[in-house]
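Let's take a walk through this fold together. Have a look at the chain first, and then we'll go from the overall picture down to single residues.

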Amino acid sequence: MTRIIDVTAPLSAELPTFPGDPRFHMEFSHRIADGEPYNVAKVTMGVHSGTHVDAPYHFLAEGATVEALPLEILMGKVRVVHVASRDAIDVPDIDGLDLSDEIRVFFKTRMSGQLRSPAFQEDFVYLTPAAAARLVQAGIKLVGVDYLSVEKFQSPDFGAHHALLRAGVVIVEGLDLSEADPGEYDMACLPLRIVGADGSPARVVLRKRL
């Protein structure tokens with residue numbers, strides 16, 4: 001049986017959170033240890049916690065919300081590519097790839113595995129707006145990155161998000177690609193079906209294509 005690689009960051013109190021976003025918190029309203037017949041947990045968090053999907057509505061007032069994202073894009077072949085840059089994924093990195101047969105791409109950088117550290121890292125590898133536009137030109141419909149945003153920290157205009165979301169590209173952020181070698185995989189990326197939301201946590205798994 002082909003190995004399934006879970007590229008989802010575990011949701012826990014140790015998860016780093018983008019500054020200003022709600023932190024993950026879980027508490028129990030019922031516990032067997034307290035004499036209850038069952039355990040029931042309550043979770044509070046932002047919809048951009050951990051591994052998550054951005055819907056167009058995240059930055060576009062009239063954009064599609066997360067429950068309307070097409071499953072045909074959220075499942076299928078994805079290509080994992082490695083980018084060595086310590087700063088940004090830029091146009092030369094995109095031009096160095098043959099994406100002619102791809103509609104989904106995950107970028108693996110030095111950030112893969114860093115969501116295991118609870119401290120937020122401001123110097124994460126981001127996608128430049130020009131590179132985002134080049135991906136749109138290449139026909140990419142889903143883009144994934146291995147930290148909490150495609151955008152440079154404290155970007156003044158959120159150019160990468162706007163370039164992708166205006167074109168209907170699904171953004172997946174917060175991946176852990178540390179165990180996924182570059183190559184082609186079958187992917188399932190399933191956000192919660194939250195009506196009206198601008199994003200959602202998602203479970204994302206990969207299986208190497210034979």
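For what comes next, two residues are in contact when they have heavy atoms within 4.5 Å of each other. Keep in mind that you're looking at a predicted model. With that cut-off, 75% of the contacts in the protein chain with a separation of 6 or more are between residues 24 or more positions apart.

So what is the chain built from? The protein chain holds four helices and 12 strands. Its radius of gyration is 17 Å, close to the 17 Å from the globule rule for 210 residues, so the chain is as compact as a globular protein of that length. If you'd rather think in box dimensions, the C-alpha trace spans about 60 × 45 × 30 Å along its principal axes.

Now for the surface and the charges. Of the 210 residues, 46% count as buried. The accessible surface adds up to about 10500 Å², and carbon and sulfur atoms own 52% of that. On the charge side, there are 20 positive and 29 negative side chains, with the centres of the two sets 4 Å apart.

A good place to zoom in is strand β7, which covers residues 104-108. How many of its five residues are buried? Five of the five are, so to speak, under cover. Arg-104, Phe-106 and Lys-108 point one way from the strand, while Val-105 and Phe-107 point the other way. Both groups are buried, charged side chains included.

Strand β7 also has partners. Strand β5 (residues 75-82) runs parallel to β7, and four bridges join the two. One spot to click on is His-82, whose bridge partner in β7 is Lys-108. Strand β9 (residues 142-144) pairs with β7 as well, again in the parallel sense, over three bridges. There, Arg-104 stands opposite Leu-142 of β9.

Next, follow the chain on to its last stretch of strand. Val-204 sits in strand β12, which covers residues 199-208. Is Val-204 buried or exposed? Its relative accessibility is 0%, and because buried means under 20%, Val-204 counts as buried. Beyond its sequence neighbours, Val-204 is in contact with a long list of residues, including Ile-5, Val-7, Thr-51, Val-172, Leu-175 and Cys-189. That list also takes in Phe-106, one of the residues we just met in β7. Pro-191 is 13 residues from Val-204 in sequence, and their C-alpha atoms are 8.7 Å apart in space.

The other end of the chain comes back into view here. Ile-4 lies in strand β1 and, at 48% relative accessibility, counts as partly exposed. Which residues does Ile-4 touch, leaving out those up to four places away in sequence? They are Val-205, Leu-206 and Arg-207. The pair Ile-4 and Val-205 is 201 residues apart along the chain, yet the C-alpha atoms are separated by 6.6 Å.

Loops deserve a look too. Thr-17 is in the loop between β1 (4-6) and β2 (25-30). Despite being in a loop, Thr-17 counts as buried, at 14% relative accessibility. Leaving out residues up to four places away in sequence, Thr-17 touches Pro-22, Arg-23, Phe-120 and Leu-148.

The loop between β9 and α4 (159-166) is a fun one if you like backbone torsions. Most residues other than glycine have a negative phi. Gln-154, in that loop, has a positive phi of about 65 degrees although it is not a glycine. Gln-154 is exposed, with a relative accessible area of 66%. Phe-158 is in that loop as well, and it too is a non-glycine with a positive phi, of about 55 degrees. At 35% relative accessibility, Phe-158 counts as partly exposed.

That brings us to helix α4. Which of its residues are buried? Gly-159, Ala-160, His-161, Leu-164 and Leu-165 are. An α-helix has 3.6 residues a turn, so residues three or four places apart point the same way. The buried residues of α4 pack against β4 (52-54), β8 (126-127), α3 (129-137), β9 and β10 (170-173). Just after the helix, Gly-168 takes a positive phi of about 80 degrees.

Conventions
Residues are numbered from 1 along each chain as its sequence is written. This is a predicted model: local features need pLDDT of at least 70, side-chain atom pairs count only at pLDDT 80 or more; totals for chains, interfaces and linings use all residues. Side-chain values use heavy atoms; hydrogens and water are left out. The radius of gyration is taken over C-alpha atoms; the globule rule is 2.2 Å times the number of residues to the power 0.38. Buried means under 20% relative accessible area, exposed over 50%, partly exposed in between (1.4 Å probe, protein chains only). Accessible areas come from the Shrake-Rupley method with a 1.4 Å probe; for residues, only the protein chains shown count as cover. The place of a charge is taken as NZ of Lys, CZ of Arg, CG of Asp or CD of Glu. Two strands pair if DSSP finds at least two bridges between them.
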